[in-house]
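Me: I would like to go through this protein fold by way of a few short questions. Please show the sequence and the structure.

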Amino acid sequence: MSRSLGLFGAGGACCYLYLAYQGHVALWGGPERSSWSKHLWEEADMQFLARIAEEVDFDRNAYLPMTTTRNFLRTGQRNVRYQFYWVPNAAKVVGLVHFGAETEGFPQKVHNGCSTSIAECAMQGCAQKATDSTFSTCIAMATTYRKFIPLGSTVFVEAECVQLEGSKAKVSCKLMGTDSSTVYWDGVGTFVNLVNSRPLPAKGQPEPSKKW
(Lines give C-alpha, C1' and ligand atoms only; values in the text may rest on other atoms or scores of the structure.)
Protein backbone atom coordinates (compact mmCIF):
# COMPACT_ATOMS: atom_id res chain seq x y z
CA MET A 1 0.00 0.00 0.00
CA SER A 2 2.73 2.42 0.99
CA ARG A 3 4.64 1.54 -2.19
CA SER A 4 1.57 2.29 -4.31
CA LEU A 5 1.09 5.61 -2.57
CA GLY A 6 4.76 6.40 -3.09
CA LEU A 7 4.55 5.64 -6.79
CA PHE A 8 1.36 7.67 -7.06
CA GLY A 9 3.01 10.61 -5.32
CA ALA A 10 6.11 10.40 -7.49
CA GLY A 11 3.97 10.24 -10.60
CA GLY A 12 1.97 13.28 -9.49
CA ALA A 13 5.15 15.22 -8.75
CA CYS A 14 6.61 14.37 -12.14
CA CYS A 15 3.37 15.39 -13.83
CA TYR A 16 3.34 18.70 -11.94
CA LEU A 17 6.97 19.45 -12.79
CA TYR A 18 6.33 18.70 -16.46
CA LEU A 19 3.23 20.94 -16.58
CA ALA A 20 5.05 23.66 -14.63
CA TYR A 21 7.94 23.57 -17.08
CA GLN A 22 5.49 23.89 -19.96
CA GLY A 23 3.84 26.84 -18.20
CA HIS A 24 0.40 25.25 -17.78
CA VAL A 25 0.10 25.35 -13.99
CA ALA A 26 0.10 28.15 -11.45
CA LEU A 27 2.94 29.12 -9.09
CA TRP A 28 5.42 29.13 -11.92
CA GLY A 29 4.60 30.12 -15.47
CA GLY A 30 7.36 28.16 -17.16
CA PRO A 31 10.64 29.41 -18.62
CA GLU A 32 10.60 32.95 -19.96
CA ARG A 33 10.95 33.47 -23.69
CA SER A 34 13.10 36.29 -25.01
CA SER A 35 10.46 37.07 -27.65
CA TRP A 36 7.97 38.14 -24.97
CA SER A 37 9.78 41.43 -24.33
CA LYS A 38 11.21 43.77 -26.92
CA HIS A 39 12.98 47.10 -26.80
CA LEU A 40 11.85 48.53 -30.15
CA TRP A 41 8.94 48.13 -32.52
CA GLU A 42 9.60 45.59 -35.25
CA GLU A 43 9.38 46.21 -38.97
CA ALA A 44 6.15 44.20 -39.15
CA ASP A 45 4.60 46.55 -36.58
CA MET A 46 5.56 49.61 -38.62
CA GLN A 47 4.17 48.03 -41.77
CA PHE A 48 0.89 47.34 -39.97
CA LEU A 49 0.62 50.97 -38.89
CA ALA A 50 1.35 52.03 -42.47
CA ARG A 51 -1.58 49.92 -43.70
CA ILE A 52 -3.87 51.41 -41.07
CA ALA A 53 -2.73 54.91 -42.04
CA GLU A 54 -3.89 54.23 -45.59
CA GLU A 55 -7.38 53.43 -44.31
CA VAL A 56 -7.77 56.27 -41.80
CA ASP A 57 -6.30 59.76 -41.74
CA PHE A 58 -3.69 59.98 -39.00
CA ASP A 59 -0.10 61.15 -38.79
CA ARG A 60 2.25 58.38 -37.63
CA ASN A 61 4.70 61.03 -36.46
CA ALA A 62 2.13 62.66 -34.15
CA TYR A 63 1.17 60.08 -31.56
CA LEU A 64 -0.68 60.87 -28.33
CA PRO A 65 1.70 61.99 -25.56
CA MET A 66 1.58 60.56 -22.05
CA THR A 67 -0.32 62.71 -19.54
CA THR A 68 2.25 61.89 -16.86
CA THR A 69 5.82 60.58 -16.75
CA ARG A 70 4.90 58.34 -13.81
CA ASN A 71 2.32 56.16 -15.57
CA PHE A 72 2.64 52.59 -14.27
CA LEU A 73 1.97 51.16 -17.71
CA ARG A 74 5.13 52.60 -19.27
CA THR A 75 7.87 51.06 -17.17
CA GLY A 76 10.06 49.30 -19.71
CA GLN A 77 10.20 46.68 -22.39
CA ARG A 78 9.30 43.85 -19.99
CA ASN A 79 5.92 45.39 -19.21
CA VAL A 80 3.92 47.17 -21.93
CA ARG A 81 4.91 49.23 -24.93
CA TYR A 82 2.22 51.13 -26.76
CA GLN A 83 1.73 53.91 -29.27
CA PHE A 84 -1.63 55.57 -29.94
CA TYR A 85 -2.75 58.01 -32.64
CA TRP A 86 -5.73 60.36 -32.80
CA VAL A 87 -7.92 60.16 -35.92
CA PRO A 88 -9.83 63.47 -35.92
CA ASN A 89 -12.17 62.80 -38.85
CA ALA A 90 -13.49 59.64 -37.15
CA ALA A 91 -13.20 60.68 -33.47
CA LYS A 92 -11.16 57.60 -32.64
CA VAL A 93 -7.79 56.50 -31.35
CA VAL A 94 -5.88 53.68 -33.03
CA GLY A 95 -2.56 52.10 -32.22
CA LEU A 96 -0.50 49.12 -31.15
CA VAL A 97 0.39 47.67 -27.76
CA HIS A 98 2.94 44.96 -26.95
CA PHE A 99 2.53 42.97 -23.73
CA GLY A 100 5.88 41.94 -22.25
CA ALA A 101 6.89 39.20 -19.82
CA GLU A 102 5.87 41.05 -16.66
CA THR A 103 2.22 41.44 -17.70
CA GLU A 104 1.56 37.78 -16.93
CA GLY A 105 -1.56 36.75 -15.03
CA PHE A 106 -2.66 33.21 -15.89
CA PRO A 107 0.50 31.31 -16.94
CA GLN A 108 1.75 32.59 -20.31
CA LYS A 109 -1.31 34.85 -20.69
CA VAL A 110 -1.67 38.61 -20.20
CA HIS A 111 -3.34 39.64 -16.93
CA ASN A 112 -6.93 40.74 -17.59
CA GLY A 113 -6.41 43.83 -15.45
CA CYS A 114 -3.48 44.86 -17.63
CA SER A 115 -5.49 44.56 -20.85
CA THR A 116 -8.28 46.63 -19.28
CA SER A 117 -5.81 49.27 -18.10
CA ILE A 118 -4.30 49.67 -21.56
CA ALA A 119 -7.78 49.88 -23.12
CA GLU A 120 -8.76 52.55 -20.58
CA CYS A 121 -5.67 54.57 -21.56
CA ALA A 122 -6.74 54.53 -25.21
CA MET A 123 -10.33 55.40 -24.29
CA GLN A 124 -9.24 58.22 -22.00
CA GLY A 125 -7.08 59.70 -24.75
CA CYS A 126 -9.98 59.45 -27.17
CA ALA A 127 -12.38 61.15 -24.74
CA GLN A 128 -9.86 63.88 -24.00
CA LYS A 129 -9.35 64.69 -27.68
CA ALA A 130 -13.05 64.40 -28.59
CA THR A 131 -14.11 66.80 -25.84
CA ASP A 132 -11.12 69.09 -26.34
CA SER A 133 -10.23 68.86 -22.67
CA THR A 134 -6.92 68.95 -20.84
CA PHE A 135 -7.73 65.80 -18.87
CA SER A 136 -10.60 63.29 -18.71
CA THR A 137 -11.21 60.39 -16.36
CA CYS A 138 -13.36 57.26 -16.47
CA ILE A 139 -16.42 57.15 -14.19
CA ALA A 140 -18.02 53.92 -15.46
CA MET A 141 -16.96 51.01 -17.67
CA ALA A 142 -18.46 47.72 -18.88
CA THR A 143 -16.01 45.14 -20.24
CA THR A 144 -16.02 41.71 -21.85
CA TYR A 145 -12.97 39.42 -21.81
CA ARG A 146 -13.41 37.30 -24.91
CA LYS A 147 -10.05 35.51 -25.11
CA PHE A 148 -6.79 35.44 -23.21
CA ILE A 149 -4.04 37.49 -24.86
CA PRO A 150 -0.91 35.32 -25.23
CA LEU A 151 2.11 36.75 -23.44
CA GLY A 152 4.44 38.58 -25.83
CA SER A 153 1.63 39.55 -28.23
CA THR A 154 1.34 42.79 -30.17
CA VAL A 155 -2.33 43.74 -30.56
CA PHE A 156 -4.29 46.43 -32.36
CA VAL A 157 -6.26 48.88 -30.21
CA GLU A 158 -9.20 50.94 -31.49
CA ALA A 159 -11.16 53.33 -29.25
CA GLU A 160 -14.02 55.37 -30.72
CA CYS A 161 -16.11 58.19 -29.27
CA VAL A 162 -19.71 57.20 -29.92
CA GLN A 163 -21.53 59.95 -28.02
CA LEU A 164 -20.91 63.36 -26.48
CA GLU A 165 -23.19 64.90 -23.89
CA GLY A 166 -21.94 68.09 -22.27
CA SER A 167 -18.72 67.29 -20.45
CA LYS A 168 -19.22 63.52 -20.79
CA ALA A 169 -18.02 61.25 -23.57
CA LYS A 170 -19.06 57.66 -24.22
CA VAL A 171 -16.21 55.65 -25.75
CA SER A 172 -16.12 52.08 -27.07
CA CYS A 173 -12.93 50.08 -27.45
CA LYS A 174 -11.58 46.79 -28.80
CA LEU A 175 -8.29 44.94 -28.46
CA MET A 176 -7.76 42.76 -31.53
CA GLY A 177 -5.15 40.67 -33.23
CA THR A 178 -3.30 42.54 -35.96
CA ASP A 179 -5.22 40.52 -38.53
CA SER A 180 -8.46 41.86 -36.96
CA SER A 181 -9.94 38.35 -36.94
CA THR A 182 -9.54 37.81 -33.18
CA VAL A 183 -11.16 40.09 -30.60
CA TYR A 184 -9.55 39.65 -27.18
CA TRP A 185 -11.32 42.42 -25.27
CA ASP A 186 -14.12 44.90 -25.86
CA GLY A 187 -15.89 47.40 -23.71
CA VAL A 188 -17.50 50.80 -23.38
CA GLY A 189 -16.84 53.52 -20.85
CA THR A 190 -18.11 56.94 -19.80
CA PHE A 191 -15.56 59.70 -19.30
CA VAL A 192 -15.94 63.15 -17.81
CA ASN A 193 -13.81 66.27 -18.28
CA LEU A 194 -11.79 67.39 -15.28
CA VAL A 195 -10.17 70.39 -16.95
CA ASN A 196 -11.52 72.05 -20.09
CA SER A 197 -9.28 73.67 -22.66
CA ARG A 198 -12.18 75.49 -24.33
CA PRO A 199 -14.72 77.89 -22.77
CA LEU A 200 -17.78 76.27 -21.23
CA PRO A 201 -21.25 77.21 -22.61
CA ALA A 202 -22.91 80.26 -21.08
CA LYS A 203 -25.01 79.60 -17.99
CA GLY A 204 -28.49 78.51 -18.93
CA GLN A 205 -27.34 77.45 -22.43
CA PRO A 206 -26.07 73.88 -22.09
CA GLU A 207 -24.05 72.45 -24.93
CA PRO A 208 -26.29 70.20 -27.06
CA SER A 209 -25.69 66.47 -27.18
CA LYS A 210 -23.58 65.26 -30.08
CA LYS A 211 -23.09 61.86 -31.70
CA TRP A 212 -20.27 60.87 -34.01
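Me: How many helices and strands does the protein have?
Reply: This is a predicted model, in which local features need pLDDT of at least 70, side-chain atom pairs count only at pLDDT 80 or more, and totals for chains, interfaces and linings use all residues. Residues are numbered from 1 along each chain as its sequence is written, and side-chain values use heavy atoms, with hydrogens and water left out. Helices (H or I, at least four residues) and strands (E, at least two) are DSSP runs, numbered from the N terminus. Along the sequence the pattern is α-α-β-β-α-β-β-β-β, and the count is three helices and six strands.

Me: Is H3 largely enclosed or not, and why?
Reply: H3 has 19 residues. Buried means under 20% relative accessible area, exposed over 50%, and partly exposed in between (1.4 Å probe, protein chains only). Because 14 of its 19 residues are buried, H3 is largely enclosed by the rest of the structure.

Me: Which element gives the largest share of the largest nonpolar core?
Reply: A nonpolar core is a set of buried Ala, Val, Leu, Ile, Met, Phe, Trp, Tyr and Cys residues joined through side-chain atoms within 4.5 Å. The largest one has 34 residues, and Phe84, Phe99, Ala159, Val171, Cys173 and Leu175 touch the most other members. Elements giving two or more residues to this core are strand S1 (80-87), S2, H3, S4, strand S5 (168-177) and strand S6 (183-196). The largest share, nine residues, comes from H3.

Me: How many aromatic pairs are there in the whole structure?
Reply: Rings of Phe, Tyr and Trp (its six-membered ring) pair if their centres lie within 6.5 Å; planes under 30 degrees apart count as stacked, over 60 as edge-to-face and the rest as tilted. One of the pairs is Tyr82 with Phe84, tilted at 4.9 Å centre to centre and 35° between the planes. Both Tyr82 and Phe84 are buried. The search of the whole structure finds three aromatic pairs.

Me: How many residues apart are Phe106 and Phe148?
Reply: Phe106 and Phe148 form a stacked pair, 5.5 Å centre to centre with 20° between the planes. Phe106 is partly exposed at 47% relative accessibility, and Phe148 is partly exposed at 39%. Phe106 sits in the loop between strand S2 (92-99) and helix H3 (112-130), and Phe148 in the loop between strand S3 (133-145) and strand S4 (154-165), so the pair links distant parts of the chain, 42 residues apart.

Key
Expected span 1.5 Å × (residues − 1).
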